[in-house]
Amino acid sequence: MFDFVNRKKRIVQVVLLLAVLPFMFWGVQSYRSDGQEGYIAIVDGEEIQRREFEQALRDHQARLRAMFGGNFDSAMLDSYEVRDSVLERLIQQRLLFREAVSNGFTVLDSQLMSEIGQIPEFHLDNKFSKKQYESFLRNEGLSPVTFESRVRQELLLRQLLDGYSEYGFVSDTVTNRVTYLSEVERVVSQAQIKPEDYISRIEPAEEEIKTYYDTHQSEFFLPERVRVEYLVLSLESLAENEPVSDEAVQAYYEEHREEFGQPEERRASHILIAVAATAEEEEKRQAREEAEGILELVLQDPEQFAKLAEEHSDDPGSSSLGGDLGFFGRGVMVKEFEDEIFQMQPDEVRGLVETDFGFHIILLTEIKEAKTAELADVKEQIEERLKLQMASNIFGEAAEEFSNTVYEQSDSLLPAAEKFELTIQESDWINRNSDEPSVLADQSMMNAIFSEETLVDKRNTEAIEVMPDTLVSARVLEHRQATAQSLSVVRDEIVERLKRQLAEEKAVKEGRELLADLQNGVEDTVDWGEPKQVSYMQPDGLSQEMLRAIFKADIDSLPVYTGVEDMQGGYSLIRISQVIEPETIDKERKADFGKQLQQMKTQEEMSAYLDGVRQRYDVTIKRDSY
């Protein structure tokens, strides 16, 4: 769902965010290329250029970095799924804008000015200030024309989507019924009738085996397959052959010495008396007095620090550990706390230290001195870095030469192998869906391997980039067409399939017969499991099919029996022995539940609308271009 679906009145927060992360559907004109870089999708006749897409990826990365901070891994963007979701968002944004225009939505100048006039960031003395407005935008790198254009288009799309996002409706009757069903509980017991109990007693007849083979022959085909030899030119393979001198290694080590060491770390414990930075002075005074009292106890007997931390510290993460924070380096803790820690000596106690969290009493317990690795210990690591740097400088040129060589001398991979000092590798038998070796599993690579030019003309495939900085060219050694396996070859597999199938049928048949007997009043001799309370909100491991059967059952006379086929191929018998009615639900709780239902309905309607929009327009995607 798009950010603007749930957006409320303060439009500036989103627009200014987009000033920092400068791409959204309204900004596409700024990123359009002259067409030389190519497009990756066409939306109703309008191209989405590669430059737009790459900018959107960069913006997505910036949002992730802002969200995850130091935990962000840029490799998260390398997956096809992420790139595809970014493209889909661009397409949907473009389609929604077209929908708004084609449906005649418009934004009056008075609406635009009113919206901008309500933004507090543009106010001085509680009044809109043009000077403040222009200064604020200038600091964000925006002109008034650009900003107003974006706000206008935002308002345009808000008109389009408000009908879905703001006016969903769920009746009180539905709310009451769903609330009841979510709260009512039933006490049930289960008995499983498993196929495994019957398999050993089943032996398929020869006629059954033959019939199964004849009707499922397509399942026993061996797919078209090949054995290939292939070359991989990657940044790493190119780097292996790059010479690195001892002098270069020494110079890199001297220049980056701090990267090859362990910075100083300190281990400390603390007792926190929490008080918010925004608290009233009286509340802060009381917290300080409490902390001072504990500090006095610590100074009298430092050995009691851990016990006092367990009893008095408001830090839930460390109090149970006697206040222990473990080892940490600079830049981890808040500044005021850290400044004290890195001035202390082991076993020293300091306090009170005030931070935004409250008042701290600190005990420094241990120091790990900074260490610098010797050159001999990191020489190989430095050599690898330098080789990769050198290879990256020439990779583009090498990739072009590699592509030309496998194309121009297409009857063998040997010339390219010798030229780039690469090893020709061979695969086992692979088909179009094989995922090993991984460098051949790329769809473009598979298409090239199984092309007529490669299979029939015995030529090298073109050099295909299967992942960043990795090119592969392959050549077919052997090729086999799809063939049917004989009955004698697959007989054992068919027997096992039939045993399982017939056992499942037997389990379900006996389960249904036993259920019918129980429902007709036959004596209950079933070995039931332990009873348990279940509801829609607390299913206790039951499947949705089981829950539906339990809550559909007529409970006028208990116990009641029901049953369903389970996902393991057997049958689940269920005995309902008690109904536990929900307590009276107060109005506020019911109102909250109604809002949740309304949000769910709104999301479903919005999703259906977006799907409908996508179907009404012609969208073409170049899947191999991104």
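Before anything else, a word on pairing: two strands are said to pair if DSSP finds at least two bridges between them. With that in hand, strand β7 and strand β14, residues 425-426, pair in the antiparallel sense over 2 bridges, and within that pairing E229 stands opposite E426 in β14. Please keep in mind throughout that what we are looking at is a predicted model.

Let me stay with β7, which covers residues 225-234, and go through its other partners. Strand β15, residues 430-431, is joined to β7 by 2 bridges, and the two run antiparallel; here V226 has I430 as its bridge partner. With strand β17, residues 470-480, β7 pairs over 10 bridges, again in the antiparallel sense, and in that pairing V232 is matched with V472.

How many of the 10 residues of β7 are buried? The count is 9, so the strand is largely enclosed by the rest of the structure. One residue to look at in this strand is S234, whose relative accessible area is 9%, and because buried means under 20%, S234 counts as buried. If we leave aside its neighbours within four places in sequence, S234 is in contact with F395, D469 and T470.

Now to a second region, an open sheet of 4 strands in the order β10-β9-β12-β11, with antiparallel pairing. At its edges stand β10, residues 324-328, and β11, residues 349-355, each with a single partner strand, so that one side of each is left without a neighbour in the sheet. On average, and ignoring direction, neighbouring strands of this sheet are turned by 35° against each other. Strand β9, residues 265-274, pairs with β10 over 3 bridges, and S269 is the residue that stands opposite D324 in β10.

Two helices belong in this part of the picture. Helix α13, residues 281-300, lies across β9, β11 and β12, and runs at about 165° to β11. Helix α14, residues 305-312, packs on the sheet as well, touching β9 and β12, and its direction makes about 40° with that of β9.

Finally, a pair of helices: the axes of α12, residues 246-255, and α16, residues 375-408, come within 9 Å and cross at roughly 105°, which means that α12 is roughly perpendicular to α16. The residues making this contact include Y252 and Y253 of α12, together with L386 and Q389 of α16. Taken by type, the residues of the contact divide into 8 nonpolar, 2 polar and 4 charged.

Terms used: Residues numbered from 1 in each chain as written. Predicted model: local features only at pLDDT ≥ 70, side-chain atom pairs only at ≥ 80, totals over all residues. Heavy atoms only, no water. Axes fitted to C-alpha atoms, helices over the stretch in contact; angles between N-to-C directions. Contact = heavy atoms within 4.5 Å. Buried < 20%, exposed > 50% of the residue type's maximum accessible area, 1.4 Å probe, protein only. Parallel < 35°, antiparallel > 145°, perpendicular 65-115°, else oblique. Nonpolar A, V, L, I, M, F, W, Y, C, P; charged D, E, K, R; others polar.
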